[in-house]
Every structure is written in structure tokens, then in C-alpha cells.
Amino acid sequence: MLILNKKTTDKLFSHARSEYPKECCGILLGRRLGEQRIASAAIPTRNMADEAQTQFLINPLEIVRAEKTAELQNLEIVGFYYSHPDYEAIVSQAGVLHMIAGYSYLIISVKNGIHIRAHSFEKQIHRDMDAKSGPCLRCQFPAPPPAGLVPTCAEGGVISPLPGIIGSAQANEVLKLLVGGGESLAGKLLMVDTWRLRTSILPVHKDENCLVCGKHPSILEVENFDYEDFCGLKQDEYEIPVEGIDAEELAIRIENGDPMTIVDVREPHERAIQRFPNAIIIPIGQLARRQKELDPDVDTIFICKEGKRSILAINTLREAGYKGPMYNLKGGIESAKNIIFSNEAGWL
């Protein structure tokens, strides 16, 4: 839980208004008291993002300076804040993926230059459970995210040592339960931040209405079902087919200078590894509200890593009422990485 005093809150709102229509961003300093993060000071920072109206990026050097400032005041960094110009104070898909566990994130909604509301969010990474009396995974996450919203392991992935670290921690918990000794993590949330090599533990309460371990459970056994369908990797037979274009055909159209718009729906860390020339960057979560940036009179080509999220992007825009012609790059940017464009003087 994030707690702010009036002086700090007023400072944040003032910063959000002054940066409108761009996103503001900054760092929250304070102290931790159990589950609470009490922010007593805020450090406004410059938004380094190229798309400053829809994204924010804080210079790492400013974070280092903030840590030194906090240390001098016997404080620590407890979170970050940023604004959503003309949009609700809700975390986006990209925002969730880039949150760091153990910190609070305050989002300020600013509409027409006036702050409307603010909400804080925190990221939870991993939790161990007591199968007999403690909470289960569904207590914390009652429903999975919509199919296709979260990148697959092949598309998103995690830093390679992380599964081994978490797996070892889980094995350690099993051993303690078997021998009946030690201090169990039952009913607690273990958050692991391997990037900063920090861990923290928070209590988690049992949900009495949980469908698995509540007072009246309705899920009594493991179900056998189609995971490809569950994860949105299959096309519904009643769903309007998404037209595709292969990498060779796209290359020819680019070389010929055909009028079209290319939209890249990948995450920033993916684009940093492998870029696509002349593409507009619009995360899937922003497509509906940014559809006016697209020209319905020309073809729009959507690209992602493997051609799956781009299908979700097209269906998202269809539901939002967009009428222009839309095409999916078959196989994603992976299928185009060996194509040479003469005007790029290099490999994709």
C-alpha cells in the first residue's frame, strides 16, 4: 500500500499538469513500514522516451542520484510515478511487464490539462503455498489474463538464471514441509528482483470464496483442456480470418515505395534487440485510443516477433471499430530478419 502526504501529492499533480500532453515521470522517496510504503518526498525527472505522449523513460543516472539523495535523508526509493494524458489511471500491458517488484507505481490520469484521479499499483512475482490450510495461487489471481494479452515464453521470456533461482526456492520449501522444520513461506509472497538482487516477503491472505481452496470449492481436480485454445493460439472457427502478408511480399512493397503504414506492437526490449525500419510503435494496449493515428485509406501492416500478437492487435482494432485494411506479417519479424533492404544498407 502506498501512502502520500498532501504536500507530496500536490507536487505530483502539479508536475503532471505542467507536462501535459506528455507523460510526466519521477521517483518517490520514503520509508517502508510492513506492507506500507510511506512516500514523503518526490523527485521529478525528465521523460527520456521518444514517444513521450504515451511512454515514459527515466535516465538511470537520475535513479542513482535519487538513491544518494535518499541515503542522505535516511530514506529509500519506495516507488515511481507517471501520468496518463487523456487516459485512465490504469496500468497497461507494457507497464506491467516493466514494473520492478518491491516498488509502488502511482499513475496520475490527466485530462485536458487537469488531473482527474490517481491509482497505485505493485507487481507480485512469485508465491509459495501450504496445500492444506494456506492460500493457493487462485486466491491471489482468481482469473488468468485474457488470451493473447501476455507474450508467450518464446516472445517474452525471463532472464535465464531466474527459473533456476525460483525452482531452488520451491524445492527448499518442499523439503521444509517434508521434514516439518524451518520457517515456511505458507501464506506469504516471495518477491524476487534478480536485476537488483533483492528479495522481499509480503503476507497473503486466504480467499474464503476461492474456487479451489475456499469454503465451497467448485474446482476439485485438474482439468484436461486444450492449452493452445486457452492461450489464444488457435483461431476460433467463427472468428473473421486475419489476412496475412509474407516477408518477401512486404519487402517488395517497401522497395517499390508502396503507400502503407507499418505498426510495431512489440515491447521496448524486443525492439532494442531487433528493429524494423520506418515502423510506428503502438503497444497493443494503446491501439484502440490511438487508432486515429492510422490512415484507413492505406494498408496497415502489423508486426510482432512471431506473428501472433499482431493478430491480436488486428482483432483489437476491429472490435474498436477501425475500418481500414489491416494485414498481419506472417511469422513476424523472425521471418523477415534475413531480408536485405537496399535503402537500409544492412540486415534487419
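pLDDT is the predictor's confidence in each residue, from 0 to 100. This structure is a predicted model, and its chain averages a pLDDT of 82. A score of at least 70 is reached by 84% of the residues. The points below cover the low-confidence stretches, the aromatic pairs and the charges placed over rings.

**Low-confidence stretches**
- Residues 125-131 keep a pLDDT under 50 throughout. The model gives this stretch 29 contacts beyond four places in sequence.
- Residues 341-348 also have a pLDDT below 50. Here the model has 20 contacts beyond near neighbours in sequence.

**Aromatic pairs**
- Searching the whole structure turns up 3 aromatic pairs.
- One of them joins Phe80 and Tyr103, whose ring centres are 5.8 Å apart. Their planes meet at 55°, and pairs count as edge-to-face only over 60 and as stacked under 30 degrees, so this pair is tilted.
- Phe80 belongs to strand E4 (residues 76-85), while Tyr103 sits in the loop between helix H3 (93-98) and strand E5 (104-111). The pair therefore ties together parts that are 23 residues apart in sequence.
- Both Phe80 and Tyr103 are buried.
- Phe80, Tyr103 and Tyr105 form a cluster linked by ring pairs.

**Charges over rings**
- Tyr103, part of that cluster, has Arg32 over its face, at 5.4 Å from the ring centre.
- Tyr87 has Arg289 over its face, at 4.0 Å from the ring centre.

How values were computed: Residues are numbered from 1 along each chain as its sequence is written. This is a predicted model: local features need pLDDT of at least 70, side-chain atom pairs count only at pLDDT 80 or more; totals for chains, interfaces and linings use all residues. Side-chain values use heavy atoms; hydrogens and water are left out. Contact means heavy atoms within 4.5 Å. Rings of Phe, Tyr and Trp (its six-membered ring) pair if their centres lie within 6.5 Å; planes under 30 degrees apart count as stacked, over 60 as edge-to-face and the rest as tilted. Helices (H or I, at least four residues) and strands (E, at least two) are DSSP runs, numbered from the N terminus. Buried means under 20% relative accessible area, exposed over 50%, partly exposed in between (1.4 Å probe, protein chains only). A charge sits over a ring if NZ of Lys or CZ of Arg is within 6 Å of the ring centre and within 35 degrees of the ring normal.
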